[in-house]
Amino acid sequence: MRNWKITRKFTAFMSVIVLAISMFSTTAFAAEPTDKIVSDENDKVLVESGVLRVSYGAGDHDLGGFTFNDTNRGSARTFNTNQMQIKPAWKAADSSSSEVDLYIEVWNATRNERKFYHRFTLNDDVDGKDGAGWWYAESSWFDIDPGESYYIFYEAFTTPGYTPTGSNRSASVHTWIELRNKY
């Protein structure tokens with residue numbers, strides 16, 4: 001009987017300690033690194049933090065932004081839905097008096113199959129250029145194969161009616177995507 005009383009008192013004491021610790025605990029968790037995406041000398045996309053999310057489910061996702069010359073092929077990412085919408089923002093990076101169109105292709109890297117392509121023009125932006133010089137657009141929804149790897153290819157062109165800056169164009173782009181399951 002005496003051991004039972006000691007065990008009960010000890011259990012009650014430990015419960016109080018556990019509750020006290022949980023009330024005043026200051027457990028700290030490291031924040032997820034923020035990806036800062038940059039281009040190297042060969043215009044390949046790099047992530048300064050060394051962490052790049054590679055698998056995406058349904059919802060809106062910010063793929064980040066970067067500046068490139070002429071063309072750029074983005075990193076491979078896995079999309080786990082069957083439909084996608086791409087939402088780019090872009091502007092000329094090499095001239096304040098000449099505009100660029102942004103050509104985008106979405107490729108299924110697993111099957112080496114193009115799933116989407118479109119040349120986004122200034123007319124695709126229904127609101128017009130913002131104060132910082134960015135144009136915004138949204139693609140229509142298109143089908144993708146869930147669970148497979150994809151990359152996005154970008155190319156900058158001088159917008160018709162504007163003076164070219166030379167044989168190369170430089171553009172800044174920021175890309176968002178939305179993923180959903182149609183059925």
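Select Ala76. It is partly exposed, because its relative accessible area is 42% and the label covers values between buried (under 20%) and exposed (over 50%), taken with a 1.4 Å probe on protein chains only. Ala76 belongs to the loop between strand S5 (71–73) and strand S6 (77–79). Helices (H or I, at least four residues) and strands (E, at least two) are DSSP runs, numbered from the N terminus. Show the neighbours of Ala76: leaving out residues up to four places away in sequence, it touches Val54, Tyr150 and Tyr151. Contact here means heavy atoms within 4.5 Å. Now add Asn108, which is 32 residues from Ala76 in sequence and 9.1 Å from it in space, C-alpha to C-alpha.

A word on what is on screen: this is a predicted model, in which local features need pLDDT of at least 70 and side-chain atom pairs count only at pLDDT 80 or more, while totals for chains, interfaces and linings use all residues. Residues are numbered from 1 along each chain as its sequence is written, and side-chain values use heavy atoms, with hydrogens and water left out.

**The whole chain**

Zoom out. The protein chain has one helix and 13 strands. Along the sequence the pattern is α-β-β-β-β-β-β-β-β-β-β-β-β-β. Of its 183 residues, 36% are buried. Take the contacts between residues at least 6 apart in sequence: 74% of them join residues at least 24 apart. The accessible surface comes to about 11200 Å², and carbon and sulfur atoms account for 53% of that. This area comes from the Shrake-Rupley method with a 1.4 Å probe; for residues, only the protein chains shown count as cover.

**The nonpolar core**

Select Met84, Ile104 and Val106. These residues have the most contacts inside the largest nonpolar core, which holds 28 residues. Such a core is a set of buried Ala, Val, Leu, Ile, Met, Phe, Trp, Tyr and Cys residues joined through side-chain atoms within 4.5 Å. Colour the elements that give two or more residues to this core: strands S4 (59–69), S7 (83–92), S8 (100–108), S9 (113–120), S12 (148–158) and S13 (170–180). In soluble globular proteins, nonpolar side chains tend to be buried together.

Stay on Ile104. Beyond four places in sequence, it touches Ile86, Pro88, Phe116, Tyr117, His118, Phe120, Ile152, Phe153 and Tyr154.

**The rings**

Show the aromatic side chains. A search of the whole structure finds eight aromatic pairs. Rings of Phe, Tyr and Trp (its six-membered ring) pair if their centres lie within 6.5 Å; planes under 30 degrees apart are stacked, over 60 edge-to-face, and the rest tilted.

How are the rings of Phe66 and Phe68 placed? Their centres are 5.9 Å apart and their planes at 50°, so the pair is tilted. Phe66 is buried at 9% relative accessible area. Phe68 is buried too, at 1%.

Next, add Tyr154. Its ring and that of Phe66 have centres 5.3 Å apart and planes at 80°, so this pair is edge-to-face. The pair links distant parts of the chain: Phe66 is in strand S4 and Tyr154 in strand S12, 88 residues apart. Both Phe66 and Tyr154 are buried.

Move to Tyr56, Phe79 and Tyr150, which ring pairs link into a cluster. Then pick Arg73: its charged end sits over the ring of Tyr151, 3.7 Å from the centre. A charge sits over a ring if NZ of Lys or CZ of Arg is within 6 Å of the ring centre and within 35 degrees of the ring normal. The charged end of Arg114 sits over the ring of Tyr117, 3.9 Å from its centre.

**Polar stops**

Select Asp101, in strand S8. Is Asp101 buried or exposed? Asp101 is buried, with a relative accessible area of 2%. Its side chain makes a polar contact with the side chain of Arg119 (3.2 Å). A polar contact is a pair of N or O atoms within 3.5 Å; within protein, one must be able to donate a hydrogen and the other to accept it, and residues adjacent in sequence count only if both atoms are side-chain atoms.

Go to Glu148 in strand S12. Glu148 counts as buried at 14% relative accessibility. A 2.8 Å polar contact joins its side chain to that of Arg111.

Finish at Thr81, in the loop between S6 and S7. Thr81 is buried, at 0% relative accessibility. A polar atom of its side chain lies 3.2 Å from the backbone oxygen of Gln83. Add Gly57: it is 24 residues from Thr81 along the chain, with 6.3 Å between their C-alpha atoms.
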